[in-house]
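Colleague: I should like to learn how to read the packing and the aromatic pairs of a model. May we go through them step by step?

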Amino acid sequence: MNFLLALALLAAAVPTRRQSTPAAAATHPVVYQSADLTITQVAPNTFVHTSFLSTQSFGKVSCNGMVVRSGAETVVFDTPTGDAESRELIAWITQQLHCQVKAVVATHFHEDCVGGLPAFHQRNIPSYAHRKTIKYAQARKFNVPRHGFAPRLTLPVGSAQVQATFFGEGHTKDNVVGYFPADAVLFGGCLVKELGAGKGNLADANEPAWSATVTRVRQAYPTVRVVVPGHGAVGGSDLLDYTIRLFQQP
């Protein structure tokens, strides 16, 4: 057998570990990038911001959030992981998009969602979260969003609306998802996994409930076009299907 052909067959037979990449880097344009923050456009008026968190269990982890725009207004889902990265995001929105940040919504109480809240509060930007998120953030002495809701929040943004909804427990007992109907984009946050991902951080999870919660999300948004996970690459509704299977109980 030809040596090069044999080498190619051997390489194809060896399984490779799927690497987590910054959100949508392969399929959507990066509109801003620095050492600490990447912003990717995933729909006409929807952007994913990706920053990084150093963890003991998983090393340096890329963390996604979302920015939606209508007219001269934006709403941000989840802060970048720290104040410096959050100031960078706010500056990009105001100077490059020429928009106001109308609100920031935390999708659960972990640091990858609330780590940069002080930067938003310093600019008098209102912050929202499920009431459970506020309670858990206070108990853990994390940054605390200032306005609570349950089970759903609808915010006007320009001439459009954006929603945050609690469908049940999964990654945490307080995780909500964001939906921007104008672009049919769902921000699943850490409730939704990228394709090929493992189960990840289960410290505050409700594994038995997880699959059923994402099934309800899937049923609520049957025409969703873009799905943004809390970590890793953006996809479509296949991310919801993958997450449902990953946590399905025997």
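Modeller: Let us begin with a term: contact means heavy atoms within 4.5 Å. Please bear in mind that this is a predicted model.

Colleague: Which elements do the buried residues of H7 pack against?

Modeller: They pack against strand S12 (185-189), helix H6 (207-220) and strand S13 (226-229). Helix H7 itself spans residues 238-246, and its buried residues are Leu239, Leu240, Tyr242, Thr243 and Ile244.

Colleague: How should a pair of aromatic rings be described?

Modeller: One gives the distance of the centres and the angle of the planes. The structure holds seven aromatic pairs. One of them joins Phe77 and Phe187, with 6.3 Å centre to centre and 45° between the planes, a tilted arrangement. Because Phe77 belongs to strand S5 (residues 73-77) and Phe187 to strand S12, this pair ties together parts that are 110 residues apart in sequence. Both Phe77 and Phe187 are buried.

Colleague: Why is the pair of Tyr179 and Tyr221 called stacked?

Modeller: Planes under 30 degrees apart count as stacked. The planes of Tyr179 and Tyr221 stand at 25°, with the ring centres 4.2 Å apart, so the pair is stacked. Tyr179 is in strand S11 (residues 177-180) and Tyr221 in the loop between H6 and S13, so parts 42 residues apart in sequence are tied together.

Colleague: Is Tyr179 buried or exposed?

Modeller: Tyr179 counts as buried, at 8% relative accessibility. Tyr221, at 6%, also counts as buried.

Colleague: Which residues form one aromatic cluster?

Modeller: The cluster consists of Phe109, Tyr136 and Phe142. Elsewhere, Lys60 lies over the face of Phe52, at 5.1 Å from the ring centre.

Terms used:
Residues are numbered from 1 along each chain as its sequence is written. This is a predicted model: local features need pLDDT of at least 70, side-chain atom pairs count only at pLDDT 80 or more; totals for chains, interfaces and linings use all residues. Side-chain values use heavy atoms; hydrogens and water are left out. Buried means under 20% relative accessible area, exposed over 50%, partly exposed in between (1.4 Å probe, protein chains only). Helices (H or I, at least four residues) and strands (E, at least two) are DSSP runs, numbered from the N terminus. Rings of Phe, Tyr and Trp (its six-membered ring) pair if their centres lie within 6.5 Å; planes under 30 degrees apart count as stacked, over 60 as edge-to-face and the rest as tilted. A charge sits over a ring if NZ of Lys or CZ of Arg is within 6 Å of the ring centre and within 35 degrees of the ring normal.
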